[in-house]
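Hello,

Here is the structure I promised to pass on to you. Have a look at it first, and then read on for my notes on what turned up in it.

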Amino acid sequence: MTADKFARKRIIGKHKDPDSVDSHEPKRLLPKHKKDSSAYKGRFITLSCVTVLAILLVGYFLYQERLKNAVNTPLNSPRIIEDDTSSSKVTPERFWGSYRPHTYFGLKTRSKNSPVVGLMWLQQFTGRMPPPIRHWCNQDDKIQGYGWVAHDGVNFGVQEINEDNFKLNTSFVKRMGGKHGGDWTAKVIVTPKVKLSKLASPTYVSLMFYMALDGQGKVDTEMVKNRVSGINGYSEELGNFKISFPKVSTKGAKYNHLVTHTTKLDKLKDVMMETIKIEAWDKARTMPYFILGGRSVPRDSGGPNYIVHQVTAQLPLEMEVIFESGSVEDRKETLSGESYDETLSQHLVEFDNKFSDLFQHRQNGYNNSMVDFAKFAMSNMIGGIGYFYGSSLVQSKYNKEPVEYWKAPLYTAVPSRPFFPRGFLWDEGFHNLLIREWDESISKDILFHWIDLLNSEGWIPREQILGVEARARVPSEFVVQQNVNANPPTFFLPLQKIITNMIKSNTDSDRKILKALYPRLKAWFHWYNSTQVGTQRSVYRWRGRDPNTNKQLNPLTLTSGLDDFPRSSHPTDDERHVDLRCWMALASGVMADIARALNADWEEYRATNQMLTDNKLLDELHWSKEGQQYSDYGYHADKVKLEQPKITLQPGQRPPQQQPDKIRVVITDPKYQFVNSFGYVSLFPFLLKIVNPTSPKLFTIMNNIKNPNMLWTDYGLRSLSRNARLYKRFNTQHDPPYWRGAIWINMNYLALSALNHYSYTTGPYQNLAKSIYIDLRNNLVNNLYRQYIKSGYIWENYDDKTGEGRGTHPFTGWSSLVVLIMAEKY
Ligand SMILES: *[C@@H]1O[C@H](CO)[C@@H](O)[C@H](O)[C@H]1NC(C)=O
Ligand SMILES: *[C@@H]1O[C@H](CO)[C@@H](O)[C@H](O)[C@H]1NC(C)=O
Ligand SMILES: *[C@@H]1O[C@H](CO)[C@@H](O)[C@H](O)[C@H]1NC(C)=O
């Protein structure tokens, strides 16, 4: 393997120095020694022993170094994304974008120390001290709904934000030109919800639009009287630029600003808050009115790098921010006012046309309101794409302390803007099923960024927490990624289609990409196929389960993605995980295809794929006769419960103030057996279409799916059977059920894809598959739509009793797969 070669080369390189200073080379000494006296002989033996020992020690030391470094050494194979792939020269059209998904509205470029711009706002005269300021998406803000109503990932986006008393419409439009990614204009429109005449007092809102630098570049204000009318600036990738803040048309608007220097890019709001002052708005209004602190740039700071422009006015209020690149020479007109509205309308028309051509939702019988919902879902998947730069903290068993991964860029969608605004490995495979339908070039760019993150072992950290803004959102205990831990290789779902397309098109550039992609996928596949295996041939096991916990009812399997889905109660090396086996079947099939197209050794992949899809072998290893289901196998006790430990007090001892945490009590003895908890994990051979269409087991599975006492609900398939022992059970005293009943959209998408497949594949159960397919699809689509209309959000998962949205929201990662479900694209 290439990785080994690289590591070895480094060792040889380092080896040289100690060797060359060492004058006692055994080879040259050896012939001499025969002639020498025994005294010399003795000395020689001691000497050569010392030498051998020294070499061994150095070797051992270098070997240890190599083991330590493997975790944060890049795979020695050409990258797919070159250094300048994201630059304004190579992909100017994607240089600027809404790549700060954790903000309500923020833009940056795809470069490593990009200046950032963004919006904050507050409502004046509410009597609240300090005033709540919106900036980073936050569920505690209790906003009634927000998200992109249209976003094409390249040219523009329109977003609506639904506050209690008013609505914000934030949009941006880009225009290409010059050498640095062109111009853009952002517009914020704030409208009151209640007609003015009906309001006792009008609503006043402050909009704060800022630009901040990330360690490089220069900015300063352009002033007209006391008002910041614009920013002039320079940065490495943007060259010279100018931002204008035209006066707003609302009468009596007031302008304030902050011009300062900060190194805390992750604390822009706090830095701003510290400067806020109170002033009287006018004689009639005695309530405090909050304004920014003005100019305060420490003398030795090297000038301002954080500028905020504040406009305060009675609603309605409209503000434009115009960015113009200094390198655009032939600019006919400024992108503002009517020209802005016209350009935006054109983009909206093109967006609508492309969207209806691609997904044909109306032809599928959906009305306008439902099509708008689908547009919202897709726009938020696309509008949630971010660009991050930094390094993960990683650790292997050879590192005492976590070490930094190498610094790298990542262009990726995110599961949820307020809660998970960063890259997650297994989510991203699902995301790109949708993204590639919209724009395959974006999808390739995303997946290749990820695949370039492979280390010398063939591992990719599963959660990408890159840069200060991302790290600020993650509790420190979750930051470190362990290199023994996998995550489902879902990239193979979109890659299957992307690779097929590239093989078909067979252009030079595609062949070049395939050639760079293949050795990387190979390393990735072999990492799984060697580190995640079980104790028998063709058996796989997720790592990262804790065999020693006594707090968890069932030890978590975070690595599988299905965190608390019940597995064997007592993790051992002899476990078999059926979902991982099926993921490996998928992966080996795609590997065989790409290898074959490149005339590389494909036979072993095909053989592995045949072994893993062989129903006879699958049934032997994973079919539970007793449970009539595919199952994990392991050391397992069915009956466990959480109990308050009894405290025996010594005479005179006072009872503790806090009850100790509940601990797990095992009621029946564990033994090796199938783990019969019917749910998503049991469905995997079906979900990934491995079950033979003629297998009677397919019939059993579909009947269990359709059974309301098992997985069936009016809103989609629940994750765990209602009659499973751990259905809806807390995993510890404090951890509520997660994958123990709730309805998840990614798995329902796979179920529909499978049902669709079995309804078209010749076999005795085609009609059954078709009828379940129709019902499940209707249930899912109708419920997601209903909950969206009701709550303003798309959710992380849905309650199996009421259909209500649960968990994080907005969650427009894989829940947005509803767009493909409505379009029947699998
Ligand atoms: C938001 O504003 C733009 C004009 O700036 C307009 O084209 C668009 O229709 C508005 N969208 C909504 C949802 O109000
Ligand atoms: C569109 O269809 C949905 C689902 O059938 C329905 O609930 C909704 O009322 C319809 N909307 C309009 C505007 O007809
Ligand atoms: C994957 O690992 C199994 C052993 O568990 C082996 O039999 C198979 O050949 C491997 N597949 C490939 C493509 O290397």
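**What I found**

Let me begin with ligand 2, where one of the ligand's oxygen atoms sits 2.4 Å from an N or O atom in the side chain of Asn 367. The protein covers 35% of the 360 Å² of accessible area that ligand 2 has on its own. Around ligand 2 you will find Asn 367, Met 370 and Tyr 785. Please keep in mind as you read that this is a predicted model, so every value here is computed from predicted coordinates.

**The other two ligands**

Ligand 1 is surrounded by Val 158, Glu 160, Asn 169, Lys 187, Ile 189, Asp 341 and Leu 344. By character, these shell residues split into three nonpolar, one polar and three charged. An asparagine makes a polar contact here too: an N or O atom in the side chain of Asn 169 is 2.4 Å from an oxygen atom of ligand 1. Of the 360 Å² of accessible area that ligand 1 has on its own, the protein covers 64%. If you want to trace the shell through the fold, look at β5 (156–162), β7 (183–192) and α5 (337–359), each of which supplies at least two of its residues.

Ligand 3 has Phe 525, His 526, Asn 529, Arg 537, Ser 538, Glu 604, Tyr 605 and Thr 608 around it. This shell divides into two nonpolar, four polar and two charged residues. Two helices, α11 (508–531) and α13 (603–613), each contribute at least two residues to the shell. Three side chains are worth clicking on:

- Asn 529 has a side-chain N or O atom 2.3 Å from an oxygen atom of ligand 3.
- Arg 537 places a polar side-chain atom 3.4 Å from an oxygen atom of ligand 3.
- Thr 608 has a polar side-chain atom 2.8 Å from a nitrogen atom of ligand 3.

The protein covers 78% of the 360 Å² of accessible area that ligand 3 has on its own.

**What the UniProt record says**

Two annotations help with finding your way along the chain, and both come from an unreviewed UniProt entry. The record places a "transmembrane region" at residues 44–63. In the model, residues 44–63 are 100% helix and 0% strand, with 27 Å between the end C-alpha atoms. Further along, UniProt gives residues 336–824 as the domain "Glycosyl hydrolase family 63 C-terminal". Over residues 336–824 the chain is 44% helix and 11% strand, and the C-alpha atoms at the two ends are 40 Å apart.

**Cysteines**

How many disulfides does the structure hold? The count is zero. As a reminder, a disulfide is a covalent bond between the sulfur atoms of two cysteines. Two of the cysteines make a nice pair to look at. Is Cys 137 buried or exposed? Cys 137 counts as buried, because its relative accessibility is 0% and the cut-off for buried is under 20%. Cys 49, with 46% relative accessibility, counts as partly exposed, because that value falls between the 20% and 50% limits.

**Backbone details**

Most residues other than glycine have a negative phi, and most peptide bonds are trans. Four places in this model are therefore worth a visit.

Two of them are cis peptide bonds. One joins Leu 315 and Pro 316, with omega about 0°, and Pro 316 lies in the loop between β16 (306–314) and β17 (317–325). Another joins His 809 and Pro 810, with omega about -5°; Pro 810 belongs to the loop between β34 (805–806) and α19 (818–823).

The remaining places are lysines with a positive phi. Lys 225 has a phi of about 55° although it is not a glycine, and its place is in the loop between β9 (218–224) and β10 (227–235). Lys 225 counts as exposed because its relative accessibility is 81%, over the 50% cut-off. Lys 689, also not a glycine, has a positive phi of about 60°. You will find Lys 689 in the loop between α15 (680–687) and α16 (696–706), where it counts as partly exposed at 34% relative accessibility.

Enjoy exploring it!

Best wishes

How values were computed:
Residues numbered from 1 in each chain as written. Chains lettered and ligands numbered in written order. Predicted model: local features only at pLDDT ≥ 70, side-chain atom pairs only at ≥ 80, totals over all residues. Heavy atoms only, no water. Near = heavy atom within 4 Å. Polar contact = N/O pair within 3.5 Å; in protein donor to acceptor, adjacent residues only side chain to side chain. Areas by Shrake-Rupley, 256 points an atom, 1.4 Å probe, with all protein chains shown as cover. UniProt positions renumbered as here; feature names shortened; annotations may be inferred. Helix = DSSP H or I, 4+ residues; strand = E, 2+ residues; numbered from the N terminus. Nonpolar A, V, L, I, M, F, W, Y, C, P; charged D, E, K, R; others polar. Disulfide = S-S within 2.5 Å. Buried < 20%, exposed > 50% of the residue type's maximum accessible area, 1.4 Å probe, protein only.
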